[in-house]
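Work through the following exercises with the sequence and the structure open. Each task is followed by a solution in steps.

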Amino acid sequence: MSSSQANNGGNSYPMQQIGQGTGGDFFSRIGNIRDSIRAYNDKVSQIGELHTRSLNNINANDTARIDQELSVLTEQVRSSANQIRNELKGMKSSAVRSNAERDQIQQLSESFRSSVDKYQNVEKQYRGNVQERMRRQFKIVRPDATPQQVNEVINAPGNQQIFSNALMKSSYGEADTAYREMQGRHQELRKIEQTMAELTQLVSDVAILVEQQQETIDTVQTNATKVEQDLERANSKLDSAISIASATRRKRKICFGISVILILVIAAVVAGAVCGNRLCHS
């Protein structure tokens, strides 16, 4: 891989300037973020490949070129991660969206968290491999070194006295070369530790982002459930009111009918009595 390949990303979907030229369109922004996460993953894979080449390489010129490519890729990944994180934060904090849109933001946030976890694992593995390589190199200089002495050399890069003493006792011709390589590996370890610290903060930021987004979704779902329950209760009360009103109307009709019948009966009785009196007088 050349430096130009590192700058171009080596794929068909380079890092994008998220949120620019989209006119604020939700689905365009979602698509841009998704493409940027895909490009981020590809660059992390390229970093892993360069790590492997760096460990296996013994040529000084090749080592310098690999280090340059790693620096370029690392900076691109760092910049892209900040863009993706800020865009997701902006979309999360914007106006209230539909449940479907919230779900998409949540899915992208979780996808980005997985990508950051992957990069963190790549760096952890590289750190372990570099430390193991340093152990082997120190063993070349000092074959009888104890595990404690080896760890002191690896974990105390500023303590050159340990290595100098080992060189004085070494009879191997490769000792000086091993010493220079270990100095270079110490610099790599410092860069790895810096990257790991940045990734730890990024993981924390994304975890908070995902948690807050999930809380928003849960709140919306809870409110939706409450509204649905309230609607069901209202419908139940309405049905009950309709039933009571229907029963009341039936009762009124029955009472009215009974009243009419009573009036007719009374009228008939009165009429019969009147007619009877008239017949008696005649």
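**Exercise 1.** Classify threonine 195 as buried or exposed, and list its contacts beyond its sequence neighbours.

Solution. In this predicted model, threonine 195 is part of helix H7. Its relative accessible area is 9%. Buried means under 20%, so threonine 195 is buried. Next, leave aside the neighbours within four places in sequence: threonine 195 then has contacts with Thr74, Tyr119 and Glu123.

**Exercise 2.** Describe the secondary structure of the protein chain and its overall burial.

Solution. Start with the elements: the protein chain has 7 helices and 0 strands. Read from the N terminus, the order is α-α-α-α-α-α-α. For burial, 31% of the 282 residues count as buried. The accessible surface is about 16900 Å², and carbon and sulfur atoms account for 53% of it. Finally, take the contacts between residues at least 6 apart in sequence: 78% of these join residues at least 24 apart.

**Exercise 3.** Decide how the rings of phenylalanine 26 and phenylalanine 27 are arranged, then do likewise for tyrosine 40 and phenylalanine 112.

Solution. A pair of aromatic rings is described by the distance of the centres and the angle of the planes. Rings pair if their centres lie within 6.5 Å, and planes over 60 degrees apart count as edge-to-face. The count by this rule is 3 aromatic pairs. For phenylalanine 26 and phenylalanine 27, the centres are 5.2 Å apart and the planes stand at 85°, an edge-to-face pair. Phenylalanine 26 is buried at 7% relative accessible area, whereas phenylalanine 27 is exposed at 51%.

For tyrosine 40 and phenylalanine 112, the centre distance is 5.8 Å and the plane angle is 75°, so this pair is edge-to-face. The pair joins distant parts of the chain, with tyrosine 40 in helix H2 (residues 26–56) and phenylalanine 112 in helix H4 (residues 99–141), 72 residues apart. Tyrosine 40 is buried, with 0% relative accessible area. Phenylalanine 112 is buried, with a relative accessibility of 0%. To finish, extend the pair to a cluster: Tyr40, Phe112 and Tyr119 form one aromatic cluster. Tyr119 is also one of the contacts of threonine 195.

**Exercise 4.** For the salt bridges of arginine 65, arginine 78 and arginine 85, name the partner and give the distance. Then state where each pair lies in the chain.

Solution. The whole structure has 9 salt bridges, and the cut-off between nitrogen and oxygen is 4 Å.

- Step 1. Arginine 65 pairs with glutamate 69, with 3.4 Å between the closest N and O atoms. The two residues are 4 apart in helix H3 (residues 60–93), so about one helical turn separates them. Arginine 65 is partly exposed at 35% relative accessibility, while glutamate 69 is buried at 0%. This bridge is part of a network of salt bridges that links Asp62, Arg65 and Glu69.
- Step 2. Arginine 78 pairs with glutamate 75 at 2.5 Å, N to O. Both residues are in helix H3, 3 residues apart, about one turn of the helix. Arginine 78 is partly exposed with 25% relative accessible area, and glutamate 75 is partly exposed with 42%.
- Step 3. Arginine 85 pairs with aspartate 205 at 3.0 Å, N to O. This pair links distant parts of the chain: arginine 85 is in helix H3 and aspartate 205 is in helix H7 (residues 175–281), 120 residues apart. Both arginine 85 and aspartate 205 are buried.

**Exercise 5.** Which residues of helix H5 are buried, and which are exposed on the other side?

Solution. Helix H5 covers residues 147–155, and its buried residues include Val150, Val153 and Ile154. These residues cover an arc of only 95° around the axis, so they lie on the same side of H5. Gln148 and Asn155 are exposed on the other side of H5.

**Exercise 6.** Which residues form the nonpolar patch on the surface that includes Ile258?

Solution. The patch is made of Ile254, Ile258, Leu262, Ile266 and Val270, and together they have about 480 Å² of accessible area. To place one member, isoleucine 258 is in helix H7. A patch residue needs over 30% relative accessible area. Isoleucine 258 has 45% and is partly exposed.

Conventions:
Residues are numbered from 1 along each chain as its sequence is written. This is a predicted model: local features need pLDDT of at least 70, side-chain atom pairs count only at pLDDT 80 or more; totals for chains, interfaces and linings use all residues. Side-chain values use heavy atoms; hydrogens and water are left out. Rings of Phe, Tyr and Trp (its six-membered ring) pair if their centres lie within 6.5 Å; planes under 30 degrees apart count as stacked, over 60 as edge-to-face and the rest as tilted. Buried means under 20% relative accessible area, exposed over 50%, partly exposed in between (1.4 Å probe, protein chains only). A salt bridge is a side-chain nitrogen of Lys or Arg within 4 Å of a carboxyl oxygen of Asp or Glu. The arc is that of the directions from the helix axis to the C-beta atoms. Patches are made of residues with over 30% relative accessible area and no salt bridge: like charges are joined within 9 Å, nonpolar side chains (Val, Leu, Ile, Met, Phe, Trp, Tyr) within 5 Å. Accessible areas come from the Shrake-Rupley method with a 1.4 Å probe; for residues, only the protein chains shown count as cover. Contact means heavy atoms within 4.5 Å.
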